[in-house]
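Reader: Please explain how the structural terms applied to this entry are justified. I should like each value set against its definition.

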Amino acid sequence: MDEGSKRYTKVTTSHWGAFEVDIENDRIVATRPFAADPRPSTIPGALPKALNHKTRVARPAIRKGWLDKRDRTQRGADSFVELPWDEALDIAAVEISRVRETHGNEAIYGGSYGWASAGRFHHAQSQVHRFLNCIGGYVSSFGSYSTGCAQSIMPHVFGTDFMSMLYEHQDGWQTIHDHAETLVMFGGINPKNAQVSMGGITEHDTGVWLDRCLAKGIACINVGPQRTDAPDGCAWLAIRPSSDTALMLALAFVLETEDLADKDFLDRCTTGYDKFRPYLLGETDGQPKSPDWAAPLCGVNADQIHDLARRMATTSTMITVAWSIQRAQHGEQPYWMSAVLAAMIGQIGLPGCGIGYGFGAIGGVGKRFKSLRGMTFPQLHNPVDKVIPVARMADMLRNPGQPYDFNGKRENYPDIRLVYWAGGNPFHHHQDLNELHQAWQIPETIIVNEPYWTATTKRADIVFPTTTPYEREDIGRSNLDDYLFHMPQCVSRVGDARDDYDIFAGLADRMDVAATFTEGRSASEWIDLLYQSYRMKAAENGIDVPDLTTLRRDNWVRLPITDDQPNRSLFAPFRENPKTAPLGTPSGKIEVFSKTIAGFGYDDCIGHPVWLPPDEWLGAATAKAPLHMVSPQPKDKLHSQLESALADEPGARPETIVIHPRDALTRGIANGDLVKVFNKRGACRAKAAISNGIYPSVVALPTGAWFSDPNANIDLDGNPNVLTRDVGTSRLGQGCSAHTALVEVVKL
């Protein structure tokens, strides 16, 4: 920093990686990539415009209808009254207390999605949950929209938490590169998606590793409806969306009937194959799961299925499965079946082979580091034991007291009277947004902490303006990264914005729990405390971490935590001796058949993987809805963050929808045309991009556009979640089914 200049540079980090920030006259005026990043994200380019954008929430605001008469029918259409902080906090504290005293803490839902900041202390989810726990607890949620289905099914199969598998039980890119001969990617591996990660990712190298694998001659096969879900050079096996399970079953059929299955591995390391095999061969239902059976379901030639199965069985093969294919009705089945297929090949536990999940889904999957966790703001104990699957939030609001099934349990939805949301925009990532808008009118009060006037903020009753990560100090650290960052305050707070911590401290003081919430510490003192604890734990593991003064001075450090056994498969001990190194399943083995799941009695998720066609897919297309829509992640932002600034660019909105030339021709659509995408749930505008890189009768409309006026007949900016179905993946997983949606497209 040049003390004599008004313009200076700092380095910070974010969910999309580290970058340099140029500051002039208390404003961020430019950003540049971090020097060590081989393929930096372009997302920070929108930051200078976004930080002081007109959509920032300037002051505390209360919806007029709620303030005057506690009306809850005009959320999304009402005006707001700005109030001083003290008055707004007083009103919120009184209302939270009223709900607690009248209905109990089971009437409070603590909503948050954890993506508001990559900083360890100013983590909105931790902040809101700690506050609510201080006042008696709240109804919480399980899982995420990205992986909720997988988080439910995979512990039954491998006996470990799914997110722990990502961090601790998967081979790294170096191992795959050194040992694999074939890389089969169900759902692809898209470097676009890997540009973001929960705690930030410094070196974006997913694309680098794929290029290295291709250069070495590894056969990289992208199995999915879009060519662009893997880099150029990868072979593309184009299939219909939601048909992955049928293809996997057909591959397994070839392995079994051509004596290519590894019977020794199945006997030693799995349980229940004898119960699955009759289904595979058609002995239980009269339908062999052969390539000829699968070909019309998935759109892949039977000979191609035979050839792929033989290659997978006779070469060193790594199967990877994207998160996207479990975000569909019956999403449990392809995840479970992928594990069975890998077990039949028999290479699980060999270096660079077997099965992997989420490569390319977020940055950092495939990096191998020594575990060094810590720096988490304690959320304290939640006295309320009500937990719902996160994607069933609207169901909960609509159906208080009604029963629902989830992972072997039957519970009743709580009667939610107050929603407190901090960090996230459910009116971006939830399904069937028009129905969510109706469900959102039901609670008595909705409070939102948020920097911007998003669709969620506009549907709140009480809005508290929060700072962005660039207006406060924090520490950036991810378990999938080996960099540690001091995140300096780059600019002053915009408007009257406050940190979440200060907002909750103010509420806690009014509700007589300040001592419990703050423990007498300021935000700066909490950062010091969390960092010192982290540094001590690191020292106990022989890892030197600089003191906080040094980190503040140097801005960042690369930690010496690289795995010293990169070519040792993490499933190797289990493979070598399942008795001495068992998995956490009831059998200690990979469960091809699960007695536990069979005991649940679900017809939509029985005791072993099966083919279950979804309600909406190309096999059930109609004249009114003949196209299958998938809704991938955007390439220009994380979820809907920075969208207000991006949408200002000429021609940026509506969002672009990819359509096959055949489908465009029959509809008279030319490249760049405005189109209407619609079904019985809603409609949105989009801009057509015609491409041969998508399966015929499939369209791809990325998420990320802000949801517009609910009273309009069409969402103007192109949010695909006005079209998606708000149904659970199954009674077991209850994840989101975003990719189960049929639509029609017409030229506007």
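## Contacts and burial

Author: Leaving out residues up to four places away in sequence, R75 touches R63, H437, W440, Q441, I442, P443, E444, T445, I446, K458, R459 and D461. To touch, or to be in contact, is to have heavy atoms within 4.5 Å. The model is a predicted one, in which local features need pLDDT of at least 70 and side-chain atom pairs count only at pLDDT 80 or more, while totals for chains, interfaces and linings use all residues. Residues are numbered from 1 along each chain as its sequence is written, and side-chain values use heavy atoms, with hydrogens and water left out.

Reader: Why is R75 called buried?

Author: Buried means a relative accessible area under 20%, exposed means over 50%, and partly exposed lies in between, for a 1.4 Å probe and protein chains only. R75 has a relative accessible area of 1% and therefore counts as buried. R75 sits in the loop between α2 (64–69) and β5 (80–82).

Reader: What makes the approach of the R75 side chain to the backbone oxygen of P443 a polar contact?

Author: A polar contact is a pair of N or O atoms within 3.5 Å; within protein, one must be able to donate a hydrogen and the other to accept it, and residues adjacent in sequence count only if both atoms are side-chain atoms. The side chain of R75 reaches the backbone oxygen of P443 at 2.9 Å, which is within that limit. The backbone oxygen of W440 also lies 2.9 Å from a polar atom of the R75 side chain.

Reader: How do you know whether F517 is buried or exposed?

Author: The relative accessibility of F517 is 0%, so F517 counts as buried. F517 belongs to helix α20 (residues 514–518). Apart from its neighbours within four places in sequence, F517 is in contact with Q127, R130, F131, C134, Y501, F504, A505, A508 and W526.

Reader: What makes residues 291–298 a helix, and why is α12 described as largely enclosed?

Author: Helices (H or I, at least four residues) and strands (E, at least two) are DSSP runs, numbered from the N terminus. Helix α12 has eight residues and thus satisfies the minimum of four. Six of those eight are buried, so the rest of the structure largely encloses α12. The buried ones are P291, W293, A294, A295, L297 and C298. They pack against β10 (235–238), α9 (244–257) and α13 (302–314). Just after α12, G299 adopts a positive phi of about 80°.

Reader: How do you know that β8 and β9 are paired?

Author: Two strands pair if DSSP finds at least two bridges between them. Strands β8 (residues 182–186) and β9 (residues 219–224) are joined by five bridges, which meets the requirement, and they run parallel. Along this pairing T182 stands opposite A219, and L183 stands opposite C220.

Reader: Why is β8 called largely enclosed?

Author: Five of its five residues are buried, so the rest of the structure largely encloses β8. T182, V184 and F186 point one way, while L183 and M185 point the other way. In a regular strand the side chains alternate between the two faces of the sheet.

Reader: What makes the sheet containing β8 open, and which strands are its edges?

Author: Five strands form the open sheet in the order β10-β9-β8-β12-β13, with parallel pairing. Its edge strands, β10 and β13 (354–357), each pair on one side only.

Reader: Why are β15 and β16 also called paired?

Author: Strands β15 (residues 403–406) and β16 (residues 409–412) share four bridges, at least the two needed, and run in the antiparallel sense. P403 stands opposite N412 in β16. The hairpin has two residues between the strands, and N407 there takes a positive phi near 50°.

Reader: How do you know that the radius of gyration of the chain agrees with a compact globule?

Author: The radius of gyration is taken over C-alpha atoms, and the globule rule is 2.2 Å times the number of residues to the power 0.38. For 748 residues a compact globule would have a value near 27 Å; the chain has 26 Å, which agrees. Buried residues make up 62% of the chain. Of the contacts with a separation of 6 or more, 74% join residues 24 or more positions apart. The secondary structure comes to 26 helices and 29 strands.
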